[in-house]
Amino acid sequence: MTALKLIVTAAGRAALSNAAHDGTASTTIVSVGITATPFTALPTTKIIPGESKRISTISGGAVAADTLHMTIRDDSTDTYSVRGVGLYLADGTLFAVYSQATDLLQKSSQATMLLAGDVQFADIDANSLTFGDTNFQMSLATTDVTGVVRFATDAETLTGADPQLAITPKSLLAALNDRLGAGAPSAFVKTLLNKVSALAFVTALGIRGAASYDTGANNGLDADLLDGQHGAYYRNYGNLTNVPDAFTPSAHQHSAADITSGTLLVARGGTGANSFTAGNYLIGNGTGTLAEKTPAQVLANIGAAALAHSHPIADINGLQTALDARPLQTAVTTQITAAVNALINGSPGALDTLKELADAMGDDPNFAATMTKALAGKQNSLGFAPVQQGTGTGQLNNAVKIGWSGSKVKVTIDAIDMGNVALESWVNQTAILRGNSNSTAGTIFSSGAPPNISSISSSGNDRNTSLQIGNAANNSASATMSFIREGQCGVHFGLDTDNVMKIGGWSYGAVAHRIIHEGISNWNCPGQITAAGGFQISDERFKHDIEPRAVDTTLAGKLARMWSQWYRNSDNGFDTGLTAQGLLGVAPQHVKVPDDPEKMLAIDKAGVALECALSADIRIDQLLSRIETLEARAA
């Protein structure tokens, strides 16, 4: 069984330290607080959240250096669940805590709660802890401690992992059957186990030969011989019988590297000869051996002439006649000059070449068509002086264009879209300037698109409401608007970064109060909510996990012993009553403990008064019942 691993609090560890701070001091645990609320057990834990009861009928003792066996008993008629516990010392110090998400136990009004278990500490000597009420104990038995044991099941016996379980004959038999088989050992195995020597054991099993070192003749156990011969004898093919004398060759292949002699025929990709003269060429000769030719013989065969040579003009037929028919160079030059002058025909120097003309026309082969089209789109002459752009003081020469987009007048600068022009008819003579103080008396924001609020999203009109306050797509910003009475008060209102509607800040200080509405099913309101007529609201719709709880009939007496007097730190005024820290150890259900340990604790005075009244009423009923019993006996 697994021990509960309690977390020792910082206060508990301080109480456990001895005066020299070099070891542990004897510490007494007097009570156990229980709660149905699971929580995270930490060394910094100071209180048990939702503590419902403290039980002083506890007992225990060390069963190991780091383990404490503890037993808790509650004979009351209280009903509760336990998901967390805390051990308290005599001075009210919360010594150690433990919690889990599921129930440790559940108690009904008819049952007696008896919780026994082991508590394990990581670095604390369990022998230094004692218990205030030691009139009973149910410690688990160990090899060193006398106590209670539990019998192991068959499965637990087979596993053999728990050192604190006892084995019954039934579970022992199950373990033996699992290891040896049912009914084991058999009669034959028992006979073998009674043999006094290995030879007798082997003989009983009927094992002969090498296994018993019987290497005598005629036993056929010469393991290194085959038919009286060693292995080397059979590696000689001649010693084998019933084998062929020779083998017929079969079709096979060789790589070129395997052929090192002979002549390879032309049909097999060879030359048919063993050698040739260096520098000669080989030519085909049918299927026979390739023929050998010198370079001169090759040139003669293909009719090739020498590469570099010369001939007189007379050797070339008709060449002299063709040369005589050509005009003189001076005549050609004169003709070309005349043709070029006729083409230029007095053009200026910048346009007297085809290249200059092409550059002037933008290399456009369809220059005439391009110009015709451009002239056709030319605007007629205006009858007034147009507004100039880009020529004023401090103005650039960007292209400013104004045009109709089909529904609005749009402005662009170069390729930048500047948006639509706001006309007087659109803004109704009122402009709201971002970042400026605007007087917009009588301004109305309206939209006919949204239906009732619950149907706006389903109708696709989330972006069509009259006014939207946004966060500019910054997930770290809230969507907030502000209200201010100049010189009087200012406050912010909107959707906070946790997506909850809140109001606060500015004149309200560094706070953000939630907006409470009927859609919030569970909310926490510090203090009280008071309805008209002096009634305190206690509607079940403001609560959850409602369970019956027994009234502490001794609460009034406990509070009477705790009644104190003091002087207030704020104004040094005198006062009497209960302190929250004192009440926390007696009736923690009536103490409001904030999550922040630096904040102040508060007492639910109305709850204390009500439970005290109920306690007194119960005690009065008990007293009246006893009086009636005495009167009946007296009569």
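Let me start inside the protein: strands β6, residues 67–74, and β11, residues 113–120, each supply at least two residues of the lining of the largest cavity. Before going further, please keep in mind that this is a predicted model.

The full lining of that largest cavity is Leu4, Leu6, Met70, Ile72, Val85, Leu104, Leu115 and Val119. By class, that gives eight nonpolar residues, no polar ones and no charged ones. The space itself comes to about 40 Å³. How many cavities of 30 Å³ or more does a search of the whole structure find? The search gives two.

The second largest cavity has a volume of about 30 Å³. Its lining consists of Val32, Ile34, Ile55, Ile72, Val82, Val85, Leu105, Met113 and Leu115. Two elements give two or more residues to this lining, namely β3, residues 27–35, and β11. Here the classes read nine nonpolar, no polar and no charged. If you compare the lists, Ile72, Val85 and Leu115 appear in the lining of the largest cavity and again in the lining of the second largest one.

Now the sheet that β6 and β11 belong to. It is an open sheet of four strands in the order β1-β11-β6-β5, with mixed pairing. Its edge strands are β1, residues 4–5, and β5, residues 58–64, each of which pairs on one side only. Between β1 and β11 there are two bridges, in the parallel sense. One pairing to look at there is Leu4, whose bridge partner in β11 is Val119. Both Leu4 and Val119 are also on the list of residues that line the largest cavity.

Let me step back to the chain as a whole. It holds 14 helices and 27 strands. What share of the 635 residues is buried? The value is 17%. The exposed surface of the chain is about 46,800 Å², and carbon and sulfur atoms supply 56% of that. As for contacts with a separation of 6 or more, 42% of them are between residues 24 or more positions apart.

Next, a hairpin further along the chain. Strand β17 covers residues 400–404, and of its five residues the number that count as buried is zero. β17 runs antiparallel to β18, residues 409–413, and five bridges join the two strands. Val400, for instance, has Ile413 as its bridge partner in β18. Four residues lie between the strands of this hairpin, and Gly406 takes a positive phi near 110 degrees.

That brings me to backbone angles. Most residues other than glycine have a negative phi. Two residues in this model are worth a look on that count.

Asp363 is not a glycine, yet its phi is positive, about 55 degrees. You will find Asp363 in the loop between α9, residues 354–360, and α10, residues 367–376. Is Asp363 buried or exposed? Its relative accessibility is 56%, so Asp363 counts as exposed.

Asn499 is the other one, with a positive phi of about 65 degrees, and again the residue is not a glycine. The loop in this case lies between β21, residues 489–495, and β22, residues 501–504. Asn499 has a relative accessible area of 62% and is therefore exposed.

The last item is a pocket towards the end of the residue numbering. The second largest pocket has a volume of about 570 Å³. It is lined by 20 residues, and those closest to its centre are Trp566, Leu578, Thr579, Ala580 and Leu601. Which elements each supply at least two residues of this lining? They are β24, residues 564–567; β25, residues 574–577; α13, residues 580–584; β27, residues 602–603; and α14, residues 605–634. Of these, β25 gives the largest share, three residues. The lining divides into 10 nonpolar, six polar and four charged residues. For contrast, the lining of the largest cavity has no polar and no charged residues, and the lining of the second largest cavity has none of either class.

That is the tour.

Terms used: Residues are numbered from 1 along each chain as its sequence is written. This is a predicted model: local features need pLDDT of at least 70, side-chain atom pairs count only at pLDDT 80 or more; totals for chains, interfaces and linings use all residues. Side-chain values use heavy atoms; hydrogens and water are left out. Buried means under 20% relative accessible area, exposed over 50%, partly exposed in between (1.4 Å probe, protein chains only). Two strands pair if DSSP finds at least two bridges between them. Contact means heavy atoms within 4.5 Å. Accessible areas come from the Shrake-Rupley method with a 1.4 Å probe; for residues, only the protein chains shown count as cover. On a 1 Å grid over the protein atoms alone, a cavity is a set of points where a 1.4 Å probe fits but cannot get out, and a pocket is an open set with protein on both sides within 12 Å along at least five of seven lines; lining residues have an atom within 4 Å of a point. Grid points are joined across faces, edges and corners, and a volume is the space filled by probe spheres set on the points. Ala, Val, Leu, Ile, Met, Phe, Trp, Tyr, Cys and Pro count as nonpolar, Asp, Glu, Lys and Arg as charged, and the others, Gly among them, as polar.
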